[in-house]
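Please open the structure in your viewer and keep the sequence panel visible. This tour proposes a series of selections and states what is to be found at each.

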Amino acid sequence: MTEGFYFNVETGEVEQGKQSSWSSRLGPYPTREAAEEALSTARQRTAAWDEEDRRRAAEDD
């Protein structure tokens, strides 16, 4: 069984298994392709959370 795939934010490379420090990794992801999309996935999730925060703040006003 593999340890999954990680995106290294320092090198911009996908790694199989825990090859680098936890502070440099995003993941684990089930596939290399999912790890390659890690930054895009993180941006999309952050945007959704920001929108939810804005919506809740507007409801509180």
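A salt bridge is a side-chain nitrogen of Lys or Arg within 4 Å of a carboxyl oxygen of Asp or Glu. The structure holds 4 salt bridges, and the tour will visit several of them. The model is a predicted one, in which local features need pLDDT of at least 70 and side-chain atom pairs count only at pLDDT 80 or more, while totals for chains, interfaces and linings use all residues. Residues are numbered from 1 along each chain as its sequence is written, and side-chain values use heavy atoms, with hydrogens and water left out.

**The whole chain**

Begin with a cartoon view of the chain, which has 2 helices and 3 strands. Helices (H or I, at least four residues) and strands (E, at least two) are DSSP runs, numbered from the N terminus. Followed from the N terminus, the elements run β-β-β-α-α. The radius of gyration of the chain is 15 Å, well over the 10 Å that the globule rule gives for 61 residues, so the chain is more spread out than a compact globule. That radius is taken over C-alpha atoms, and the globule rule is 2.2 Å times the number of residues to the power 0.38. Along the principal axes, the C-alpha atoms fill a box of roughly 50 × 20 × 15 Å.

Now colour the residues by accessibility. Buried means under 20% relative accessible area, exposed over 50%, and partly exposed in between (1.4 Å probe, protein chains only). Of the 61 residues in the chain, 23% are buried.

**The strands**

Select strand E1, residues 5-8. Which residues cover its two faces? Phe5 and Phe7 lie on one side, Tyr6 and Asn8 lie on the other, and all of them are buried.

Next, add strand E2 (14-16). E1 and E2 pair in the antiparallel sense over 3 bridges; two strands pair if DSSP finds at least two bridges between them. Tyr6 has Glu15 as its bridge partner in E2. The hairpin of E1 and E2 has 5 residues between the strands, and there Gly12 takes a positive phi near 75 degrees.

Then add strand E3 (25-29). E1 and E3 run antiparallel and are joined by 3 bridges. The bridge partner of Phe5 in E3 is Tyr29.

**The loop at Ser20**

Select Ser20, which is placed in the loop between strand E2 and strand E3. Is Ser20 buried or exposed? Ser20 counts as buried because its relative accessibility is 17%. Show its side chain and that of Glu15: the two make a polar contact at 2.9 Å. A polar contact is a pair of N or O atoms within 3.5 Å; within protein, one must be able to donate a hydrogen and the other to accept it, and residues adjacent in sequence count only if both atoms are side-chain atoms. Not counting residues up to four places away in sequence, Ser20 touches Asn8, Glu15 and Arg25, where contact means heavy atoms within 4.5 Å.

**From helix H1 to helix H2**

Move to Glu36 in helix H1 (residues 32-36). With a relative accessibility of 47%, Glu36 counts as partly exposed. Draw a line from Glu36 to Ala48: their C-alpha atoms are 20 Å apart in space, and the residues are 12 apart in sequence.

**The salt bridges of helix H2**

Finally, select helix H2 (residues 38-60) and show its charged side chains. Side chains of opposite charge can pair when their charged atoms come close.

Start with Arg55, which forms a salt bridge with Glu52, the closest N and O atoms being 2.4 Å apart. These two residues are 3 apart in the helix, about one turn. Arg55 is partly exposed at 37% relative accessibility, and Glu52 is partly exposed at 25%.

Glu52 also meets Arg56 in a salt bridge of 2.8 Å, N to O. Arg56 and Glu52 are separated by about one helical turn because they are 4 residues apart in H2. Arg56, at 49% relative accessibility, counts as partly exposed.

Which residue meets Arg55 in a salt bridge of 2.3 Å, N to O? The partner is Glu59, which counts as exposed at 53% relative accessibility. Through shared partners, salt bridges join Glu52, Arg55, Arg56 and Glu59 into one network.
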